[in-house]
Amino acid sequence: EKKLPLRSLRTVAESFAIKALCNVKVSAGPSKFKKAEREVETLHYFEVASDLALLYAQEVEKQQYTSISSTGTHSPQPPAIHKTLSPILEQALHEAPLMLLRQGKPFAALERYRIILSAVEAQTVHTIRLKFLCQLAELILRGTVCDDYKPPTMTMKDSAWKPKQYSSLNQFVPRNECEESLLVLLVAEAMAVRHTVLSQSVEFKEARLNAYRDATFVYDLLTLATARWGQFALLQESFERAMKFSFEESHVWRQHALSLITTGRYVDALGIFKEVIRLEPNQSVNCLLVARLCYEHLDLPFEGTDFSMEAKKIEFSHSTGLLGRCYLYIGIGHQLQAKNTSVKKEEQFNENALKSFISALEIEPHDHLSEYYLGLQLAIMGRITEALAHVQTALDLRYESSSTLHLLALLLSANSQHVDALDVVEAALLEYPDCLNLMYVKAYLELHLNGGEKALITGKQMLELWKNLYEGQISSDVPECDRKSDTRSVFQLYTSEMSDKDSSSLQAHSMAASRVEHALSEVASSISSFSPRPGPQRAWKLQMEVWLLLAEIYLTLDEPAYVQQCIQEATQIFPLSHHVIHMRGLLHMYKKEWAEAKLCFQNAVAINPQHIKSLQQLGLVYHYMGSQGLAESTLREAAKIDPKNHITWYNLGKVLEALGEYEDASNCMATALNVETTSPILPFTSVPLCFE
Amino acid sequence: MADVLILDWLEEYESLTESEIHTYSTEQEQNYEVMKALYAFLEDPNKSKVENFLDRVCQQLFSFYRSGEQNLKYFTMQYIPSLVLLNLANTKGFPSVGTLLLSIYNLEVVDNKGQSHIISFRVPSIAQSSIYHDSSNLEPAFIAENALRRWEECNSKLVNWGPLPQVENLNAQNRQRVVTALMFLYNQHIGKIFVDCLEYGCRTISRLVSQGFASSGSSRASVDSDSSYNSISHRLIVSSPLLLEFLHVIYHCVVRGVNESTHTFHEVTRRGIYECYPDVLLVSHAIQNLFHRSPSVPVAAP
C-alpha cells in the first residue's frame, strides 16, 4: 500500500470493486466453509474499494482546487464540479455495509458506516453521504444494535490507502447511541437543506420533490430520535428551517404545528394550524387539536367552539370516527363560554352544552369523559340528582379519574352529604396523594364538618406538599422538558391538574382580572422594591392560595394574629392579588374595622368586578355602616353575576330587612334557603378542566 | 395442556441447585413451547384452574429477573407488555402482577451500587465540529443563536432518563409513570427479543389501546353494550409517554417484519388521534411517512 497517482488510484479502486462484485455473482460451490471464506474475501474487497473511492474523490477535488489557484481564474465563483464517481465505485460503497447487514452483523455495518462518514466530504460523494447518514441513524433508531452498541473510537491507522478524516480541535465524539443518532441526523439535516429547491417553477418540479423527500426523510427520523426524550425544542427549530422549502406541503406544516404545541408555543401553533386545516380539509383531528388548544391554553372558548363545529362538519363528510369527540368538544366550548357571560346568555350556552354532551353520549355511550362532562353540566345547572347518576356512570367506566372524583365530592356536598363527600375525597387522595385540588376540597369539608383544627392539619400538609413538589423547580432551573425525570412529572401535574390559572380559588378564574393584576404588579415592581419571586409563577400562585386557605381557617379559629401572618406571606408573593386583598378585608371585618374593610373590598372589586365574594362582603360592610341603599345595589349586582349563590341572597335579605321591606326580605331569605340545597361546598367550576 | 407445560417449568426451576442455573439459563432461550404457553396463560389468567397459578408464575418470573443471568432477565422482560396490560385492565384484580411490575421497576431505578439509575446524554450542536462534519462549511442559517447556545450547554445540560423515585405501591397517580418506565426498559433490550414474542407483544399493545372501542371498520364509535364485549372491557388509560414507547416498539417490529405490527400501528395512531396527544401524533405521522418509503436498510436476520 503506497501512495498512488490519481489515475492509478481510480483504476485500483475500480478493480477491487469489480473483483468483489464478481465474487458476489459467482457461486462458491456447495461447501459451507468455502462460502464463508468467499464472503469474508468479498467483504474485504468491498471495503478496500470504498476506502479508495473516497480517497479518490478527495484527491480529485484537491487537485481541481490547486489547478484553479495556480492558473488563476477571473470568476469569483468556484467552478462547479460535476464529476461523479463511476457507477461501479458507487455500488461498491453501497454494498459494503449492506452485505454486513444481510449477514446479520449490524454492529460491523455500523462501524463501516462510521468509517465512510468520518471521511472528509468531497462534493462528488454528497448524495451517497446523505443516504448513509440516514441509514446510520435508522440503524441506531431501530434498536437492533441496542446492547452491543459501542461508541465510535476514531483511531484509524494512517495509511496511503485510507481517505482523510475529519479532525479538528475540540471535536464532538458521541458517547452513546442517542448522541450519535442525533448528531448524524443534524448533519444530515444540514446537508439535505442545503440542496433543497426553492423555486416553484415547473421545470424544477422533479428536483424539488426529490430534495423535499430526502429532507422529510431526515425530519421523520429526527422526530423519532427526539420525541421520546422530550427534545421538542430541537425538533421545532428544524421544522422552522424546513418551512422555507415546504410551500403547500401539508406534512411538514402539520409536523411543525404539532411541534409548536409540544414546545408550548401555543399562539404560534394556532397560526400554523389554521394553514394546516386549509391544506388538509378532510382531517377533523386538526380542528379538534386546535379546539383543545384554545380551551386549555389560550383561553379562547369562542374560537375553540368554532373549530369544534368545523370538525363536526368535516366528520359528516369524511368520517374518521371522531364525531362523538366533536360533540364533546362543542359542549366543552359552550360550557366555558357560559362561565364568562351574563346570566341571560349563560342559560342559552348551558342548554347548548347539555345538548352537545347528550349527543356525544348517544354516539359513544361508553365514553367516560362525556359522562363526566354531562354530570358537570347538570351540576352547574343545579340538577344534582341527575348529575350524581351520570358521575356514577363515569366512575363505572373509569374509576381512576381525579376530576370525576373531585366532582363527585362536590356533588355530595351539594346534597348535604358532607360526611360521604369527605370519604370520597379521602379515598381519592389515596390514589392521588399529590393532588392539591383534592386537598383543598378536603380542607373545606373538614372546616365545615369538624371545625378548624382538622382543616388546619390538612392546610399544613398542603404547604408541605407544595414544598416537596415545587421547591426543586424554583431553586434550580431544571429544564421543564426533562421528560423522564421526576420534575417533569410534577410539571405535568400542574399543567394538567392546575391548568386553570385560579384553579384552587373559589371563583371561576377571570382572565381579565389576572391581566390587571399582572399589569399592576409590573407597575409596582417599577416604583417600589417589590420584585416577583423567581421560578414558575403558577407554582407561587398555588402557594399563595394555600396561605389564604390557612388564613381563612385561622379566622374561624379566632386567631387574628396568625391570620395576619398568613396574609403577610401571601402578600409577599402577590401583593396585588384580589384574593389577598379580599382576605385582608375579611380580617378587618373580623376586627369590626368597617372603613378599612370597605376599602379592601372596593379594591378587590376594582381589580376583578366579577369577584362575588368581595361584592357580598362589601354589601355587608355597607350594611353595617348604615348605607343600606349602597348595600342593596351592591348585593343585587352580585346576584346578577351569580344568581345561585345563597350567601348573596341571605345578605340581601338582611339588608332589605334593615330597609324595612319585609316582604322582599323574606323572599330573598326563601331564595337563599332554596338555592342553598343545591350549593356545593366549593363552586362546581373549581374542578379543573380535563381532557383525559 | 398449557398448564402442564408451565407447571413442569415451575417445578424444574425449583429443583435446580445454584450451580445449575447458568446452564439452565442458556437453555431457556430455546424454550419456545413454555414461552408460548406463558403468553397464552397471561392473556387470560382466570381461565386456568390451578390454584395460585398466577402468583407462582409471577414469583418465578421475578426470580428469573434477579437471578443475575442475562438470558433469564430477557426471558422475564419479554412479558412486560402482557403484564402491563393485566395490571392496567384490572388494577385491583391481580395483586401479584402489580407486585411483580413494582419489583422490577424498583430494581431498575437503582443500579447495583444502590445509586439512582440514570441514562443521560449530551445534545450535540451542529455548530461544533464533530467526527462527521466540519462546522466551518455550514450555511450561516445553521450557526444561529440556538445552535451556539446548545454548544455552550452541551457538556453541562444533559438529557436524562431518571433518576426515578422508588415507588412503594401503585396508585392512580404513579401507575402510568411506572409502566412507561418499564416499557422504556423493554425498548432498551428489544433487539434481544424473538420475532414470535414480539408478535405477542404487538397483539397485547393492540388490545391495550383499543379495548372498549369498536374493533371493526374505520369507525371509532364505542361498542354497544349488547355486543360481544362485556361491561368489564372498559377503556384503559394510556398516557402519551406510554403511547410513545409503544410506537417505538412498533417501529422496531415493523422493521423486523413482525406480523400484525402495521395493524397495531394503526390502532395506536387511532388512539393518539382520539386522545388528541400532539407528541404521539408527531411521531406516528413520522413513522407513517417512513413506512411509505421502501426500507433503505435491510433487516438483520434475528
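**Notebook: two chains and their salt bridges**

I began with a pair across the chains: A:D367 forms a salt bridge with B:R235, and their closest N and O atoms are 3.5 Å apart. A:D367 lies in the loop between α14 and α15 of chain A, and B:R235 in the loop between α10 (195-210) and α11 (240-255) of chain B, so the pair joins two chains. I checked burial: A:D367 is buried, and B:R235 is too. I note that this is a predicted model.

I then followed the charges outward. A:R325, A:E364, A:D367 and B:R235 are linked in a network of salt bridges.

**The interface**

I looked up how many salt bridges cross between chain A and chain B, and the rule finds 7. I picked out another pair, A:E431 with B:K92, at 3.6 Å from N to O. I also found 28 residue pairs in polar contact across this interface. From the chain A side, helix α6 (residues 177-194) gives the most, with 12 residues. That side divides into 48 nonpolar, 22 polar and 32 charged residues.

Next I took the extent of the contact. Chain A puts in 102 residues and chain B 93 residues. The two chains bury about 8500 Å² between them, with 60% of it on carbon and sulfur atoms. In chain A, the residues that lose the most area to chain B are A:R142, A:F172 and A:R228, together 10% of what that side buries.

**Helix α14 of chain A**

I went back to α14 (residues 343-363). This helix of chain A has 21 residues and reaches 31 Å from first C-alpha to last, close to the 30 Å expected. I listed its buried residues, among them A:F349, A:A353, A:F357 and A:L361. The buried residues of α14(A) pack against α13 (323-339) and α15 (368-380) of chain A.

**Salt bridges within chain A**

Over all chains I count 34 salt bridges. In one, A:E280 and A:R254 come to 2.9 Å between their closest N and O atoms. A:E280 lies in the loop between α10 (266-279) and α11 (284-298) of chain A and A:R254 in helix α9 (residues 250-262), so the pair ties together parts 26 residues apart in sequence. Both A:E280 and A:R254 are buried.

I looked at A:R102 and A:E95 as well, which meet in a salt bridge at 3.0 Å, N to O. A:R102 is partly exposed because its relative accessible area is 48%. A:E95 is buried, at 18%.

**One loop residue**

Last, I located A:A122 in the loop between α4 (106-117) and α5 (126-141) of chain A. Is A:A122 buried or exposed? A:A122 is buried, with a relative accessible area of 2%. I found that A:A122 touches A:A57, A:Q58 and A:E61, leaving out residues up to four places away in sequence.

Key:
Residues numbered from 1 in each chain as written. Chains lettered and ligands numbered in written order. Predicted model: local features only at pLDDT ≥ 70, side-chain atom pairs only at ≥ 80, totals over all residues. Heavy atoms only, no water. Contact = heavy atoms within 4.5 Å. Buried area = accessible area lost by both parts, 1.4 Å probe. Salt bridge = Lys/Arg side-chain N within 4 Å of Asp/Glu carboxyl O. Polar contact = N/O pair within 3.5 Å; in protein donor to acceptor, adjacent residues only side chain to side chain. Helix = DSSP H or I, 4+ residues; strand = E, 2+ residues; numbered from the N terminus. Nonpolar A, V, L, I, M, F, W, Y, C, P; charged D, E, K, R; others polar. Buried < 20%, exposed > 50% of the residue type's maximum accessible area, 1.4 Å probe, protein only. Expected span 1.5 Å × (residues − 1).
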